[in-house]
Amino acid sequence: MDQVKNATSAKSAAGQSPVRIRKLGHVVIQVSDLGRSMKFYTEMLNFRVSDRSPEGAVFLTSVGDHHTIGLFPSKGKDAPTTVKDAVRLHHFAMEVESLDALFEARAFLQERGVPIVFEG
């Protein structure tokens, strides 16, 4: 195991990404028209509503996970101030091999100036 860890560390030091995504967990999109977006994902792409949040977010599934897509309304107390920011990728989740792999990926991104806005 130490050989694998040392090889991975050497690769990231040399500039090659250590990120090895096992699975895409979910994607959350901030949308300007929640009803229209829900209609598209449920009627056109056959997603199902799996949950809703008190803040108005809707979570959709198609493959058995709690949610594959989350739709967050761009209107509300945390609404963006510009139209440009009203529709955007809010966040996405990835599964990696271990907590150590996650921390290595975070360090790799930070070393290259990628801003990490929230760590949950």
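**Close-up views of a predicted model**

**Figure 1. Overall arrangement of the protein chain.** The protein chain contains 3 helices and 5 strands. The model shown is predicted. Read from the N terminus, the elements follow the order α-β-α-β-β-β-β-α. The protein chain has 120 residues, of which 22% count as buried. Its accessible surface amounts to about 8,800 Å², and carbon and sulfur atoms hold 57% of that area. Among contacts with a separation of 6 or more, 55% are made by residues 24 or more positions apart.

**Figure 2. The open sheet and its strand order.** The 5 strands of this open sheet are arranged as β2-β3-β4-β1-β5, and their pairing is mixed. Strands β2 (48-52) and β5 (88-95) form the edges, each pairing on one side only. On average, neighbouring strands are turned by 20° against each other, with direction ignored. Helix α2 (residues 34-44) packs on the sheet, where it touches β1, β2, β3 (58-61) and β4 (69-73). The direction of α2 makes about 165° with that of β4.

**Figure 3. Pairing of β1 with the edge strand β5.** Strand β1 (residues 23-31) and β5 run antiparallel and are joined by 7 bridges. Within this pair, V27 of β1 has F92 in β5 as its bridge partner.

**Figure 4. The hairpin of β2 and β3.** These two strands pair in the antiparallel sense, with 4 bridges between them. One of the bridges places D51 opposite F59, its partner in β3. The hairpin has 5 residues between the strands, and G56 adopts a positive phi near 105°.

**Figure 5. Strand β3, its faces and its pairing with β4.** Strand β3 is covered on both faces. V58 and L60 lie on one side, F59 and T61 lie on the other, and all four are buried. Pairing between β3 and β4 is likewise antiparallel, over 3 bridges. In this pair, V58 has L71 of β4 as its bridge partner.

**Figure 6. The largest nonpolar core.** This core consists of 10 residues: I29, V31, L34, M38, Y41, F47, V58, L60, I69 and L71. At least two core residues come from each of β1, α2, β3 and β4. Helix α2 makes the largest contribution, with 3 residues. In soluble globular proteins, nonpolar side chains tend to be buried together.

**Figure 7. Surroundings of I69.** Leaving aside residues up to four places away in sequence, I69 touches V27, I29, Y41, F47, V58, F59 and L60. Among these, I29, Y41, F47, V58 and L60 belong with I69 to the largest nonpolar core. The contacts of I69 also include F59, a buried residue on the side of β3 opposite to V58 and L60.

**Figure 8. The loop between α2 and β2.** N46 is located in this loop. Its phi is positive, about 65°, although the residue is not a glycine. The relative accessible area of N46 is 59%, which is over 50%, and N46 therefore counts as exposed.

**Figure 9. Helix α3 and the residue G113.** Helix α3 (residues 99-111) has 13 residues and, at 1.5 Å a residue, should span 18 Å. The C-alpha atoms at its ends are 18 Å apart, so the expected and modelled spans agree. After α3 comes G113, which has a positive phi near 80°.

Conventions:
Residues numbered from 1 in each chain as written. Predicted model: local features only at pLDDT ≥ 70, side-chain atom pairs only at ≥ 80, totals over all residues. Heavy atoms only, no water. Pairing = 2+ DSSP bridges. Axes fitted to C-alpha atoms, helices over the stretch in contact; angles between N-to-C directions. Contact = heavy atoms within 4.5 Å. Buried < 20%, exposed > 50% of the residue type's maximum accessible area, 1.4 Å probe, protein only. Core = buried A, V, L, I, M, F, W, Y, C linked by side-chain atoms within 4.5 Å. Expected span 1.5 Å × (residues − 1). Areas by Shrake-Rupley, 256 points an atom, 1.4 Å probe, with all protein chains shown as cover.
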